[in-house]
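Work through the exercises below with the model open beside you, and try each task before you read its solution.

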Amino acid sequence: MNQMGNEARRAAERVARESYGRLVAFLAARTRDVAGAEDALAEAFATALRMWPEDGVPSNPDAWLLTVARRRQTDAVRRRQTRTAGETHLKLIADEIEAAMETPDEIPDRRLALMFACAHPAIERGMRAPLILQTILGLTAQDIAAAFLIPPTTMGQRLVRAKTRIKEAGIPFRVPEREELPERLDAVLEAIYAAYAKGWGEIGETGSAQLAEEAIWLGQLVVSLMPEEPEAKGMLALMLYTEARRSARRSPDGAYVPLEEQDTALWDDWQIDLAENLLQQANAGGPSGRYQIEAAIQSAHAARRLRGAPTWPAVVALYDHLLRLTGSPVVALNRAVARAEVEGPVIALEDLAAIAADKRMADYQPYWAALGHLNALAGNREAAFEALTLASGLSADPAVRQYLNNRIAALRNG
């Protein structure tokens, strides 16, 4: 591919990362046809990859893509409706998008409205957060399935049904009235945090940091919309505690650095202070929910590393509360690792045995990494070797895989 072709591809990738959700939300706002908006935008991107290498990247790629997608969208609507029935509707779509073309830097941001549409009670509860992740961030069904421990084919089918439901039920694209917000908030927060976790986990992947930043921005938007909601502040605090450690999680040569070995001088004090303030506000605002508890766990980790505070017992107690609240095997896994710091690895291995039968753990890399770590601490070298080998094979991150391979080599040589 020539230089112009490479530039075109990079420009398309950048717009996809930065503007996908904004463009889908805008295109779907009047039609309520999310799948149709996605298809139209996908065709626009395909057209861009054909034309930009020849014609050059336009000065405003977002506006160019929106114009092409709008044409595809209106053509599709014409094919589905008679001219008489669809004429007024098509004109409304065209007028609004043409107005946006006149002021391309001010394309209305309908993402938050789309998020709440995806979280509408008419949508199956378990599909609200996955639907937000796909429509707002353009994540694939496979990526979303991995985050929610659901087979990709099943996830894809459910996403299609959920998008159809938005159109059939005529769900409006708007931020709900205050009394309607609580029933939709859980799905919105879950999707935002899942997006952040993906952006945090994919170190070195193109757009990973941008995805994390986008999730934090969305979290800030929800907090500003619902300033009295403790869980929104708890989730934002959780993301900021984690983001504060971004610079310390890799060594200068790119090697993985676990939390207990990170150089705290590289942590972002401003983000930690902001997270502490948000958590205090959240705790003063009402009963603790999932995100408040997880943020409190991160606060305890920061206190231990920064001030030498003996926080492991508090971390275990917080995980006890979180496990009662969620019943999640992932929480049980993290609790076991923390419990090993207080009561030793043998007790922690008993905890892991209780979730070993959960089929979702079979392909869950952190489970095998934790199992290997605890067996190594307990002196069970063969079991540790086997578990760490499986964890290494399941690792998508080369740096994490190398870290685990080094531990495997140490077991061999020990």
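**Exercise 1.** Find which residues form one aromatic cluster in this predicted model, and describe the pair that tyrosine 193 and tyrosine 291 make.

*Solution.* The cluster is formed by Tyr193, Tyr196, Trp200 and Tyr291. In the whole structure there are six aromatic pairs. For tyrosine 193 and tyrosine 291, the ring centres are 5.9 Å apart and the planes stand at 65 degrees; since planes over 60 degrees apart count as edge-to-face, this pair is therefore edge-to-face. The next step is to place the two residues along the chain: tyrosine 193 belongs to helix α9 (residues 181–201) and tyrosine 291 to helix α13 (residues 290–307), so that the pair links distant parts of the chain, 98 residues apart. Both tyrosine 193 and tyrosine 291 are buried.

**Exercise 2.** Classify the pair of tyrosine 256 and tyrosine 403, and decide which parts of the chain the pair ties together.

*Solution.* The ring centres of tyrosine 256 and tyrosine 403 lie 5.0 Å apart with the planes at 70 degrees, so this pair is edge-to-face. Because tyrosine 256 lies in the loop between α11 (230–243) and α12 (269–284), while tyrosine 403 lies in helix α19 (residues 398–413), the pair ties together parts that are 147 residues apart in sequence. With 29% relative accessibility, tyrosine 256 counts as partly exposed, and tyrosine 403, with 23%, counts as partly exposed.

**Exercise 3.** Which ring does the charged end of arginine 304 sit over?

*Solution.* The charged end of arginine 304 sits over the ring of tryptophan 312, at 4.0 Å from the centre of that ring.

Conventions:
Residues numbered from 1 in each chain as written. Predicted model: local features only at pLDDT ≥ 70, side-chain atom pairs only at ≥ 80, totals over all residues. Heavy atoms only, no water. Phe/Tyr/Trp six-rings, centres within 6.5 Å; stacked < 30°, edge-to-face > 60°. Helix = DSSP H or I, 4+ residues; strand = E, 2+ residues; numbered from the N terminus. Buried < 20%, exposed > 50% of the residue type's maximum accessible area, 1.4 Å probe, protein only. Lys NZ or Arg CZ within 6 Å of the ring centre and 35° of its normal.
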